[in-house]
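Student: Pick one part of this model and take me through it closely, please. I'd like the overall picture first, then the details, with every cut-off spelled out.

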Amino acid sequence: MMKKTFRNQHRMLESFGYEFLVTCPSCNHYSKVISLGDPSPYIPRTSIRFVCTNCGMSKELT
């Protein structure tokens, strides 16, 4: 039986969803990265925000 291989479809991370769980670099608790714009694959850049509800750290990237 042949193994399935990964096929790169050149998709951006935002095309998989608008909210991702990550680990906070400050306190090591669960945090969120949220897409603030339209997650359309035709828009090259959307703003994203990192938010930690444990320590209050937040950062916005455009």
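Tutor: Let's start with burial: a residue is buried when its relative accessible area is under 20%, exposed when over 50%, and partly exposed in between, using a 1.4 Å probe and protein chains only. By that yardstick, 10% of the 62 residues in the chain are buried. Keep in mind that this is a predicted model, where local features need pLDDT of at least 70 and side-chain atom pairs count only at pLDDT 80 or more, while totals for chains, interfaces and linings use all residues. Numbering starts from 1 along each chain as its sequence is written, and side-chain values use heavy atoms, with hydrogens and water left out.

The accessible surface adds up to about 5,700 Å², and carbon and sulfur atoms own 56% of that; these areas come from the Shrake-Rupley method with a 1.4 Å probe, and for residues only the protein chains shown count as cover. As for secondary structure, the chain has four strands and zero helices, so reading from the N terminus you simply get β-β-β-β, with both kinds of element taken as DSSP runs numbered from that end (helices: H or I, at least four residues; strands: E, at least two).

Now the part I picked, the hairpin. Strand E3 (residues 48-51) and strand E4 (residues 58-61) run antiparallel and are joined by four bridges; two strands pair if DSSP finds at least two bridges between them. In that pairing, Ile48 sits opposite Leu61 of E4. Six residues separate the two strands of the hairpin, and Gly56, in the turn, has a positive phi of about 90 degrees.

What about the cysteines? Searching the whole structure turns up zero disulfides, a disulfide being a pair of cysteine sulfur atoms within 2.5 Å. Take Cys52: the nearest cysteine sulfur belongs to Cys27 and is 3.6 Å away, and Cys52 is in no disulfide. Cys52 is also buried, with a relative accessibility of 3%. Cys55 is in no disulfide either; for Cys55, the nearest cysteine sulfur is that of Cys52, 3.7 Å away. Cys55, though, is partly exposed, at 38% relative accessible area.

So, to put the hairpin together: E3 and E4 are antiparallel with four bridges, Gly56 has its positive phi in the turn, Cys52 is buried, and Cys55 is partly exposed.
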